[in-house]
Amino acid sequence: MMTQDEIKEYILSIAPTVSFDETGEWLNIIADATQLKPLMTALRTGKIQMDYLFCLTCVDVKTHLTMVYHLSATTHRQSMVIKANVSREQPSIETLCDIWRTAEFLEREVFEMFGVIFLNHPDLRRLILEDDFKGFPLLKDFEDPINMIKL
Amino acid sequence: MYNQTEILKDTSELGAEGELVINMGPQHPATHGVLHLVVTLNGETIKKIEPHLGYIHRSIEKMCESLTYRQFIYVTSRMDYLSSHINNLGCALLVEKGMQIEVPDRAKVIRVILSELTRIASHELWLGAMAMDLGAFTPFFYAFREREMITEIMEDTCGARLTMNYIVPGGLMYDLHPDFQKKVKAFVKQFKAKVTEYEDLVTNNIIFQSRTKGVGILSAEDAISFGCTGPVARASGVSCDIRKIYPYEVYDKVSFNEILDTAGDSFARYMVRVKEMNESIHIIEQLIDNIPDGDFVGKTKNVLKLPKGEFYTRVETARGEFGVFVVSEGGTTPHRIKFRSPGFSNLSALNHMAVGSKIGDLMATMGTLDLVIPDIDR
């Protein structure tokens with residue numbers, strides 16, 4: 001079990017350029033998209049041992065997209081949130097399939113809903129939507145002429 | 001890359017030599033819903049399973065972005081319809097956490113009793129349906145006999161048998177039905193007398209045992225890596241009961257055991273669920289005579305506005321960890337909402353568990369995963 005400050009110190013030793021946000025329930029780590037893979041590998045295999053990726057999603061904040069990864073550990077039960085911004089025009093980020101196998105399906109879902117390309121993903125296809133579906137439904141500017149939900 | 005319609009049209013060209021691609025579903029009696037599995041076989045041995053989802057996708061996450069914090073709770077009943085009360089609870093807890101709403105003790109206790117009744121009802125349906133998948137038809141009627149008592153209790157108190165919608169942010173929609181305690185006690189008595197019948201009929205059945213023991217093995221490391229939760233992970237020895245790790249409501253005040261097994265096979269998953277029903281009965285027994293008097297709903301504003309920020313809550317449904325992640329901009333509707341559904345992660349382990357086994361064993365593996373398709377598709 002590490003304290004918050006020890007965790008921050010440890011993460012800074014792996015990735016010196018990350019920034020932190022402690023306003024929420026858990027420690028938020030904002031990393032650069034290019035740094036994500038080495039940081040995540042270190043979090044999984046290093047001394048923190050975050051072995052449980054319980055939520056992987058994306059948020060459209062209009063100027064850019066934010067990938068949000070919720071990590072926890074089955075040994076010491078500490079949770080943390082890793083965020084990485086990707087551009088809206090050409091969103092792409094490294095896959096985490098080889099670190100946590102649950103990421104394979106979750107990334108496929110984010111791919112079809114937000115259009116984020118996961119580099120080196122073994123099987124990046126649509127999972128839920130039809131194959132000929134146009135557009136990315138969870139983006140804020142998505143308009144569906146037939147079934148649009150508006151209140 | 002190929003598309004679904006191509007598979008449906010012509011499967012013969014896709015497989016390598018000696019391989020056969022068959023479509024299981026979307027209408028298949030053992031998938032209990034519209035799950036479409038494309039199974040690649042070599043003889044009878046499974047080479048690969050690819051789930052094709054989306055037949056019941058309603059884009060609940062997008063829908064919730066245009067619903068207020070009072071309204072979005074009711075949509076979540078339609079996700080995991082067998083644990084709808086617990087889904088509602090997870091969403092209500094999120095709003096209460098974000099707005100710091102005090103919930104009266106009476107509401108907390110009633111919520112927990114109903115959650116446990118929901119869990120038993122879900123496991124009962126699973127037990128009957130799973131035994132039916134494996135060719136035993138009778139357990140279905142035995143299980144539904146007890147489940148019917150729960151749905152009647154739900155109907156009296158919540159007004160609905162399946163999609164309860166009984167929880168509002170701050171408490172409950174209305175007070176308990178006057179017969180609630182009497183009926184729950186009658187149910188507990190009946191369940192305790194009849195649970196041995198399941199043991200005689202299913203657990204000790206040699207055919208059932210030989211079809212499930214050693215089938216669909218999932219190791220503890222893989223269960224964690226695939227994000228499996230609930231009875232699926234607990235049967236592999238992973239301690240993951242949210243009620244124990246992050247207690248919510250009154251779970252820290254009642255005594256119950258987290259059921260763990262180490263075998264990780266289909267029989268272990270079966271045993272974990274049967275034992276969990278007994279633990280749920282134990283929780284109900286502790287609470288049913290101790291429902292505090294007082295208000296059933298706390299004071300809330302008419303219009304709920306979550307402060308700007310990010311919120312996450314998790315609850316233990318009958319299938320595992322259900323998480324709600326909300327990004328709020330400070331308005332009356334969520335900016336982004338994500339439901340972490342337990343079935344989705346559990347399904348992702350199916351390919352790993354079934355590869356190398358025979359197609360007949362797939363029924364046992366899939367049955368004990370307890371997949372609810374609307375929960376996966378959302």
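**Notebook: helix packing and enclosed space**

I looked first at helix 5 and helix 7 of chain B, which cross in a left-handed manner; a crossing has this hand if the near helix is turned anticlockwise from the far one by less than a right angle, and is right-handed if clockwise. The model is predicted, so I note that local features need pLDDT of at least 70 and side-chain atom pairs pLDDT 80 or more, while totals for chains, interfaces and linings use all residues. Residues are numbered from 1 along each chain as its sequence is written, chains are lettered from A and ligands numbered from 1 in the order written, and side-chain values use heavy atoms, without hydrogens or water.

**Entry 1: helices 5 and 7 of chain B**

I found an angle of about 35° for this pair, with the axes 13 Å apart. Axes are lines fitted to C-alpha atoms, for helices over the stretch in contact, and angles run from 0 to 180 degrees between N-to-C directions. Helices (H or I, at least four residues) and strands (E, at least two) are DSSP runs, numbered from the N terminus. On helix 5 of chain B, I listed Ile113(B), Leu114(B), Leu117(B), Ile120(B), Glu124(B) and Leu127(B) as contact residues (contact means heavy atoms within 4.5 Å). Their partners on helix 7 of chain B are Phe180(B), Val184(B), Phe187(B), Phe191(B) and Tyr198(B). By class, this contact has 10 nonpolar residues, no polar ones and 1 charged. Ala, Val, Leu, Ile, Met, Phe, Trp, Tyr, Cys and Pro count as nonpolar, Asp, Glu, Lys and Arg as charged, and the others, Gly among them, as polar.

**Entry 2: helices 6 and 7 of chain B**

Helix 6 (residues 138-158) and helix 7 (residues 180-203) of chain B pack at about 165°, and their axes lie 10 Å apart. Because of that angle, I recorded helix 6 of chain B as roughly antiparallel to helix 7 of chain B; under 35 degrees counts as roughly parallel, over 145 as roughly antiparallel, 65 to 115 as roughly perpendicular and the rest as oblique. The crossing of helix 6 and helix 7 of chain B is left-handed. I counted 14 nonpolar, 2 polar and 6 charged residues in their contact. Among them are Tyr142(B), Met149(B) and Ile153(B) from helix 6, and Phe187(B), Phe191(B) and Leu201(B) from helix 7.

**Entry 3: cavities**

I next searched for enclosed space and found 6 cavities of 30 Å³ or more. On a 1 Å grid over the protein atoms alone, a cavity is a set of points where a 1.4 Å probe fits but cannot get out, and a pocket is an open set with protein on both sides within 12 Å along at least five of seven lines; lining residues have an atom within 4 Å of a point. Grid points are joined across faces, edges and corners, and a volume is the space filled by probe spheres set on the points.

The largest cavity holds about 90 Å³. Its 16 lining residues include Tyr52(A), Thr74(A), Arg77(A), Cys240(B) and Glu321(B), the closest to its centre.

The second largest cavity has about 70 Å³. Closest to its centre, of 13 lining residues, are Leu82(B), Ala121(B), Arg147(B), Arg161(B) and Met164(B). Helix 6 of chain B gives the largest share of this lining, 4 residues.

**Entry 4: the second largest pocket**

I noted about 480 Å³ for the second largest pocket. Of its 25 lining residues, Asp21(A), Asn28(A), Lys83(A), Gly309(B) and Glu310(B) are the closest to its centre. Strand 6 of chain B gives the most to this lining, with 4 residues.
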